[in-house]
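Here is a short briefing on salt bridges and helix packing, written to be read with the model open beside you. Please have a look at the structure first.

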Amino acid sequence: MNTIHVVCGDIAAQQLRAAMAQAQRADPVLVLRDDLAIGPLREIDENERQRAAFWQRVAPSAGRDYAGELREALVSLQRLVEGDNAVVCWHGDSACDQLMLRRVAFMLRSTPARLNEIALRGSDLSPAGHASDANRRTSVGMYSPDVLAQRFARIAPISLLRIGRLSLEWRALKQVNTQVRRWVHNTFEGATFAEIDDQILARAPVAWTPMAAFLGELMPRIEGFFATDSFLLWRCRELGAAGRLALRGDTTAASACDLRLE
């Protein structure tokens, strides 16, 4: 019987599949692409409408069928629930990975003996395991296939008690009307888009500056979750619409527009 491995994002899946090739494994990989750190979660396990509408606002020109992708994810999770395979959740120390872990634990709460995990730490990023990496925010896609291949031997079951706690946390996180979920000191903290907007305005240049360069400097400064360029570009568009930022060019593509303070 195959073990199903669950990861968050295409890069993580790519790295894990390369690790499997090294380890001569051919297990299936379930890729969950939704960035759970931002946007509404209340209806996420019932239907795709709320999340699809949110992503359509964030990146309307991406050419993606958000409703279809999210519907496919729901079907895949339901198949996971109905199956009898062992399941391994691979997660780093980031908001999206930790939310994915809780969602999968919630889905498999009725068959807890199936659920296992690989917990990747910041110190795993380098062979020397430098102390400075210990508290680093990480996701599975940041690790090399060599490192991931060595972790198959560390697959560990998640205790019944912990699965119950993770499931309860997921229920609670879905019900709270939080726009942003930060992972800080092993717990979730809620934040608003307005807080992110304040950080954008605090660092926005007074002279016209390429958006891509600005976002490249801003992304690592956002704490508690991995803020993507598409998410931050959306917030810049919203600030432009509110008259708080000046934008020029094609504001749907970071590489094709500039910004400055209004």
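Arg 71 is partly exposed, with a relative accessible area of 41%. In this predicted model, its side chain meets that of Glu 48 in a salt bridge, at 2.8 Å from N to O. That pair is a handy way into the charged contacts, which are grouped below together with one helix packing.

**Glu 48 and Arg 71**
- Glu 48 is the buried partner, at a relative accessible area of 15%, which puts Glu 48 under the 20% cut-off for buried.
- Because Glu 48 sits in the loop between strand 2 and helix 2 while Arg 71 belongs to helix 3 (residues 66–82), the salt bridge ties together parts that are 23 residues apart in sequence.

**Asp 34 and Arg 51**
- Another salt bridge joins Asp 34 to Arg 51, and their closest N and O atoms are 2.7 Å apart.
- Asp 34 is found in the loop between strand 2 (29–32) and helix 2, and Arg 51 is in helix 2, so this pair connects parts 17 residues apart in sequence.
- Asp 34 is buried at 11% relative accessible area, and Arg 51 also counts as buried, with 2% relative accessibility.

**Glu 117 and Arg 162**
- Glu 117 and Arg 162 form a salt bridge too, with 2.5 Å between the closest N and O atoms.
- This pair links distant parts of the chain, 45 residues apart: Glu 117 lies in strand 4 (residues 115–119) and Arg 162 in helix 6 (residues 160–175).
- Glu 117 is buried, with a relative accessible area of 12%, whereas Arg 162 counts as partly exposed at 23% relative accessibility.
- Elsewhere, salt bridges with shared partners join Asp 45, Arg 103 and Lys 174 into one network.
- If you would like the overall tally, a search of the whole structure finds 13 salt bridges.

**Helix 2 against helix 9**
- Helix 2 (residues 49–58) packs with helix 9 (residues 229–241) at an angle of about 70°, and their axes are 9 Å apart.
- The two helices are therefore roughly perpendicular to each other, since angles from 65 to 115 degrees fall in that class.
- On the helix 2 side, the contact is made by Phe 54, Arg 57 and Val 58.
- Helix 9 contributes Ser 230, Phe 231, Trp 234 and Arg 237.
- Sorted by class, this contact has 4 nonpolar, 1 polar and 2 charged residues.

Definitions and conventions
Residues numbered from 1 in each chain as written. Predicted model: local features only at pLDDT ≥ 70, side-chain atom pairs only at ≥ 80, totals over all residues. Heavy atoms only, no water. Axes fitted to C-alpha atoms, helices over the stretch in contact; angles between N-to-C directions. Helix = DSSP H or I, 4+ residues; strand = E, 2+ residues; numbered from the N terminus. Parallel < 35°, antiparallel > 145°, perpendicular 65-115°, else oblique. Contact = heavy atoms within 4.5 Å. Nonpolar A, V, L, I, M, F, W, Y, C, P; charged D, E, K, R; others polar. Salt bridge = Lys/Arg side-chain N within 4 Å of Asp/Glu carboxyl O. Buried < 20%, exposed > 50% of the residue type's maximum accessible area, 1.4 Å probe, protein only.
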